[in-house]
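Me: I am new to this structure and would be grateful for a close look at a single part of it. Please explain how that part is built and what surrounds it.

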Amino acid sequence: MGTNNEIVSIFIFFVFGTIILFLDGAEKKRKRMKKTRLNSSYRRKQKNEENGEWKTLTKTFKTEKTTSEWILQLLMSLEWKQYEEVCKEFLVIKNHNANVTNTGKDDGIDIEIKNILGEVTTIAQCKAYNTNNKIGVSFIRELFGIMKSKDVENGIFFTTSSYSQDAIEFSKDKNILLIDGKKLIDAIHELTEIEQNQLLIIATQGDYTTPTCPNCDIKMVKRSGKSEFWGCKNYPKCKNTLQIRKK
Ligand SMILES: [Zn+2]
């Protein structure tokens with residue numbers, strides 16, 4: 001009987017030992033797998049972070065970053081005089097002998113382009129308007145009238161806004177270019193990086209959003225009556241007012 005008991009004991013010991021070894025092995029394997037899983041998810045996370053950082057870094061040092069600053073909103077925020085300067089400078093960059101005229105607001109010409117003989121070949125009008133305030137045909141007719149009376153061959157109309165359908169129709173068989181906000185931005189994007197920056201410096205010089213009084217050539221001030229408007233600092237000597245443009 002004693003021998004039988006011993007055999008049973010050895011057998012039980014062996015069975016339990018096997019089970020314990022097996023469980024221990026399984027536990028170790030489980031821990032190992034968990035560690036691998038953790039490691040790979042950690043690496044993935046770190047890689048993502050590295051990628052994110054890389055993106056930020058490349059963005060930080062991307063030299064063309066300034067060029068993307070030329071957007072319609074910037075053009076829209078410019079006061080009329082600064083907008084005129086930008087249009088003129090754009091023409092100068094494109095190798096035209098362009099100058100802003102200082103002949104007062106009723107002359108109807110904002111920019112002149114002269115040929116090598118000093119003759120005016122092109123006149124331009126600039127109107128910084130709200131996007132919902134389209135340039136109607138009367139403005140284009142007026143420009144055409146000035147072209148005829150001054151015997152100037154070409155005309156350009158610049159606006160931050162767009163043109164009415166009849167304005168577009170009217171300009172079709174004439175040497176009149178209608179440039180809207182989007183067209184100018186697209187054309188600016190075609191310039192080299194240096195040229196775009198040159199234009200950006202001119203656009204954002206000084207207080208570039210407060211309008212200038214067309215008569216006195218000084219910055220206007222915000223005043224309020226029934227609603228807010230721009231008034232001249234020289235009031236009551238100068239009664240010029242301008243509407244506040246809404247975005
Ligand atoms: Zn004034």
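Reply: The account below concerns one helix, α4, and its surroundings.

The model is a predicted one, in which local features need pLDDT of at least 70 and side-chain atom pairs count only at pLDDT 80 or more, while totals for chains, interfaces and linings use all residues. Residues are numbered from 1 along each chain as its sequence is written.

The protein has seven helices and eight strands; these are DSSP runs, helices being H or I with at least four residues and strands E with at least two, numbered from the N terminus. Helix α4 comprises 13 residues, 137-149. From its first C-alpha to its last it reaches 18 Å, close to the 18 Å expected at 1.5 Å a residue (the expected span is 1.5 Å times one less than the number of residues). After α4 comes D151, whose phi is positive, near 55°.

Which residues of α4 are buried? They are F139, I140, L143 and M147. A residue is called buried if 20 or more other C-beta atoms lie within 10 Å of its own, exposed if 12 or fewer, and partly exposed in between, with C-beta atoms placed from the backbone. The four buried residues lie on the same side of α4 because they cover an arc of only 95° around the axis, the arc being that of the directions from the helix axis to the C-beta atoms. An α-helix has 3.6 residues a turn, so residues three or four places apart point the same way. On the other side of α4, the residues S138, G145, K148 and S149 are exposed.

The cover over the buried residues of α4 includes β3, β4, α5 (165-171) and β5; here two residues are in contact if their C-beta atoms, placed from the backbone, lie within 7 Å. The three strands just named belong to an open sheet of five, in the order β1-β2-β3-β4-β5, with mixed pairing; two strands pair if DSSP finds at least two bridges between them. The edge strands, each pairing on one side only, are β1 (97-100) and β5 (176-179).

Within this sheet, β3 (residues 120-127) and β4 (residues 154-159) run parallel and are joined by six bridges. A124 stands opposite I156 in β4. Another helix, α3 (residues 80-93), also packs on the sheet and touches β1, β2 (111-114), β3 and β4. Thus β3 and β4 appear both in the cover of α4 and among the strands touched by α3.

How values were computed. Axes are lines fitted to C-alpha atoms, for helices over the stretch in contact, and angles run from 0 to 180 degrees between N-to-C directions.
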